[in-house]
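Reader: Before we discuss any label attached to this model, I would like to see what it rests on. Could you show me the structure, and then take my questions in turn?

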Amino acid sequence: LVLAVDPILLDDDAAGSASGGANKSGGGGNDAVVAAGRYLLATENGSIHLLTILRSSKSGKVSSLHLETLGPAPALASTVTYLSNGLVFVGSAMGDSALLRILDEPVAIGGGAVPVDESMVQPTTYLSTVEEYTNLGPIVDFDVIPKDSSSSSSSEDKASST
């Protein structure tokens, strides 16, 4: 489990969307929710989730937790960093890293439209890939060529040609 260390500061007007987090209605009654902490989580199975922690304005206690699956990560995440404006960097030691954008509405995985008929289940995601960064590692083999040996062999070649 990889956790984005800094809380995600998003616009509270986007209530109910994946990028805006949770419903502001709270638990009921006059116990209004004033503070919401949002955290990105990446799991070992390659999913990215948004955890929203809602606190009561009166007691300051946690009133509810909301976990929403945003979608699959491009590779097994080693680090998740929320940048700003819905951009997330997902770093991986095992595969390619990526810069992702959190969308307000889900899109179908594979590029198709999200079906209106709920009887047709199609996997969706709240993530779109902005850019991918090729993983250069791990480097498993390399050769070290001493600098002196290359210069001495070239001087020997010059001496033999004269």
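Author: What follows is a set of questions about the labels used for this structure, each answered by setting a value against its criterion.

Author: Please keep in mind that this is a predicted model. The chain holds one helix and eight strands, and read along the sequence the pattern is β-β-β-β-β-β-β-β-α.

Reader: What makes strand 6 and strand 7 a pair, and in which sense do they run?

Author: Two strands pair if DSSP finds at least two bridges between them. Strand 6, residues 87–91, and strand 7, residues 97–108, are joined by four bridges in the antiparallel sense, so the criterion of at least two is met. Within this pairing leucine 87 has arginine 101 as its bridge partner, and phenylalanine 89 stands opposite leucine 99. The two strands also form a hairpin, with five residues between them.

Reader: How do you know that strand 5 and strand 6 pair?

Author: Here too the bridges decide, because at least two are required, and four of them join strand 5 to strand 6, which run antiparallel. One of the partnerships is that of valine 80 with valine 90 in strand 6.

Reader: Why are strand 5 and strand 8 called edge strands?

Author: The open sheet to which they belong has four strands in the order 5-6-7-8, with antiparallel pairing. Strand 5 (79–82) and strand 8 (124–133) each pair on one side only, and that is what the word edge refers to here. Neighbouring strands of this sheet are turned by 30° against each other on average, direction ignored.

Reader: Why is strand 6 described as largely enclosed?

Author: A residue counts as buried when its relative accessible area is under 20%. Four of the five residues of strand 6 are buried, and therefore the strand is largely enclosed by the rest of the structure. For the chain, buried residues make up 31% of the 162 residues.

Reader: What makes serine 97 buried or exposed, and what does its side chain reach?

Author: Serine 97 is found in strand 7. Its relative accessible area is 12%, and because the limit for buried is under 20%, serine 97 is called buried. The side chain of serine 97 reaches the backbone nitrogen of serine 92 at 3.1 Å, which lies within the 3.5 Å allowed for a polar contact. Leaving aside neighbours within four places in sequence, serine 97 is in contact with Phe89, Val90, Gly91, Ser92, Glu131, Glu132 and Tyr133.

Reader: How do you know whether serine 56 is buried or exposed?

Author: Serine 56, found in strand 3 (residues 47–56), has a relative accessible area of 5%; this is under 20%, so serine 56 is buried. Its side chain reaches the backbone nitrogen of serine 59 at 3.4 Å, again within the limit of 3.5 Å.

Reader: And why is histidine 66 given a label of its own, neither buried nor exposed?

Author: Histidine 66 has its place in strand 4 (residues 62–72) and a relative accessibility of 34%. Buried means under 20% and exposed means over 50%, so at 34% histidine 66 counts as partly exposed. Although histidine 66 and leucine 51 are 15 residues apart along the chain, their C-alpha atoms are separated by 5.7 Å.

Reader: What makes asparagine 85 exposed, and what is its phi?

Author: Asparagine 85 lies in the loop between strand 5 and strand 6, in a hairpin that has four residues between the strands. The relative accessibility of asparagine 85 is 67%, and because exposed means over 50%, asparagine 85 counts as exposed. Its phi is near 50°, a positive value in a residue other than glycine. Most residues other than glycine have a negative phi.

Reader: Which residues have the most contacts inside the largest nonpolar core, and where do its members come from?

Author: The largest nonpolar core has 16 residues, and those with the most contacts inside it are Leu40, Ile48, Leu70, Val88, Val90 and Ile102. Strand 2 (33–42), strand 3, strand 5, strand 6, strand 7 and strand 8 each supply at least two residues of this core, and the largest share, three residues, comes from strand 7. In soluble globular proteins, nonpolar side chains tend to be buried together.

Key
Residues numbered from 1 in each chain as written. Predicted model: local features only at pLDDT ≥ 70, side-chain atom pairs only at ≥ 80, totals over all residues. Heavy atoms only, no water. Axes fitted to C-alpha atoms, helices over the stretch in contact; angles between N-to-C directions. Buried < 20%, exposed > 50% of the residue type's maximum accessible area, 1.4 Å probe, protein only. Polar contact = N/O pair within 3.5 Å; in protein donor to acceptor, adjacent residues only side chain to side chain. Contact = heavy atoms within 4.5 Å. Core = buried A, V, L, I, M, F, W, Y, C linked by side-chain atoms within 4.5 Å.
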